[in-house]
Amino acid sequence: MTHKILILPGDGIGPEIVAEAAKVLECLRQEHGLDATLDYGLLGGCAVDTLGSPYPDETRRQARAADAILLGAVGGPKWERMDRPLRPERGLLAIRADLELFANLRPALLYPQLADASALKPERVAGLDLLIVRELNGDIYFGQPRGIRTLESGEREGFNTMRYRESEIERIARVGFEAARKRHRKLCSVDKANVLEASELWREVVERVAKDYPDVALSHLYVDNAAMQLVRAPKQFDVMVTGNLFGDILSDCAAMLTGSIGMLPSASLDANGKGLYEPIHGSAPDIAGRGAANPLATILSAAMLLRYTLNAPELAERIELAVGRVLDQGLRTLDIMAAGMTPVGTQAMGDAVVASL
Ligand code: IPM
Ligand code: MG
């Protein structure tokens, strides 16, 4: 069966990095038996500019029809001051909600070649390999009521609502336990159960689901402690499962342990394995259009796409090994470069991966 891959380059550096990942997929198609079509669409600011919405109907149709989606990044200063419904981030939240992509997998894997790029001492992070499973369809991101209202005093108040239903907690907990089973059988659930009722329920449901996974060692941490532990001793973690907001914050923190957010891919999956794949980093408007961005996180996102949605682990591994080899060759983009090195550009990095495939 021919798989349909939808590519959404997005804004900022999005088109540049996605072009390199598309080269990699094209090479796999022509030379290594990947049976897929690549189609293109608009999401984010570019969609606002041309179609008047960050997640236009046309993109929705394409996204629903696709088996998997590869996204660059969305957003930029140009759209920051627009009305909330027209902001690029809304497009991202809308596609996550529309396709019910509730399970966000964010691995933080340190390439040994980049141990010196980490902000932490190399011995703290050498061999780091953790996976954050972030719930992506609920929590304060989507909870109603929300808004900005004017109080009787005339003062304005902004408000949002943190909510989690048992069924939402249960399905993400299961993703966490299943992932731990495929790795080192350790799951740490992160919440704020000492303060928040939503977290109290979270912990209770995770404990209940744990009964189905006696082979997985479950622990709990409050989110503030989890942030501290990630920086203090990150190698204690195997899989972490957490809600939308805590996962947003902790995954940026975990990403930086690996030296560069420019290296990390992610997957957002629905209940059937359909997924949206994107680098963890954003659209980096400050370096957009200069050919300086690191395309490896997007290329590695394409690898995740092949592994999780297309069930082609051998092709995924081919990409991952190729990335390892270009790092061995000493190729570095600006973000992962040590002092005294000469950086390569976005295209040169993509070409090197293709050559190494
Ligand atoms: C992420 C991003 C998004 C989020 C923004 C761009 C809406 O930070 O994917 O982590 O908060 O989920
Ligand atoms: Mg984030």
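**Close-up 1. Cys27, Cys188 and the search for disulfides in this predicted model.** Let's start with Cys27, which is tucked away: its relative accessible area is 8%, so it counts as buried. Cys188 is buried too, at 3% relative accessibility. Does a cysteine have to sit within 2.5 Å, sulfur to sulfur, to make a pair? That is the cut-off for a disulfide, and Cys188 is in none, because its nearest cysteine sulfur, on Cys253, is 13 Å away. With this cut-off, the count of disulfides comes to 0.**Close-up 2. Helix α10, from residue 244 to residue 257.** This helix has 14 residues, and at 1.5 Å a residue they should span 20 Å. The C-alpha atoms at its two ends are 20 Å apart, so the model agrees with that expectation. Which residues of α10 are buried? They are Asn244, Phe246, Gly247, Leu250, Ser251, Ala254, Ala255 and Leu257. These residues cover an arc of only 155° around the axis, which puts them on the same side of α10. Just past the helix, look for Gly259, which takes a positive phi of about 105°.

**Close-up 3. The surroundings of ligand 1.** Around ligand 1 you'll find Glu89, Arg96, Arg106, Arg134, Tyr141 and Asp248. Oxygen atoms of the ligand take part in several polar contacts here. For Arg96, a polar side-chain atom lies 2.7 Å from a ligand oxygen. In the case of Arg106, the distance from a side-chain N or O atom to an oxygen of ligand 1 is 2.8 Å. Asp248 also has a polar side-chain atom 2.9 Å from an oxygen of ligand 1. How much of ligand 1 does the protein cover? On its own the ligand has 320 Å² of accessible area, and the protein covers 75% of that.

Terms used. Residues numbered from 1 in each chain as written. Chains lettered and ligands numbered in written order. Predicted model: local features only at pLDDT ≥ 70, side-chain atom pairs only at ≥ 80, totals over all residues. Heavy atoms only, no water. Helix = DSSP H or I, 4+ residues; strand = E, 2+ residues; numbered from the N terminus. Expected span 1.5 Å × (residues − 1). Buried < 20%, exposed > 50% of the residue type's maximum accessible area, 1.4 Å probe, protein only. Arc of directions from axis to C-beta. Near = heavy atom within 4 Å. Polar contact = N/O pair within 3.5 Å; in protein donor to acceptor, adjacent residues only side chain to side chain. Areas by Shrake-Rupley, 256 points an atom, 1.4 Å probe, with all protein chains shown as cover.
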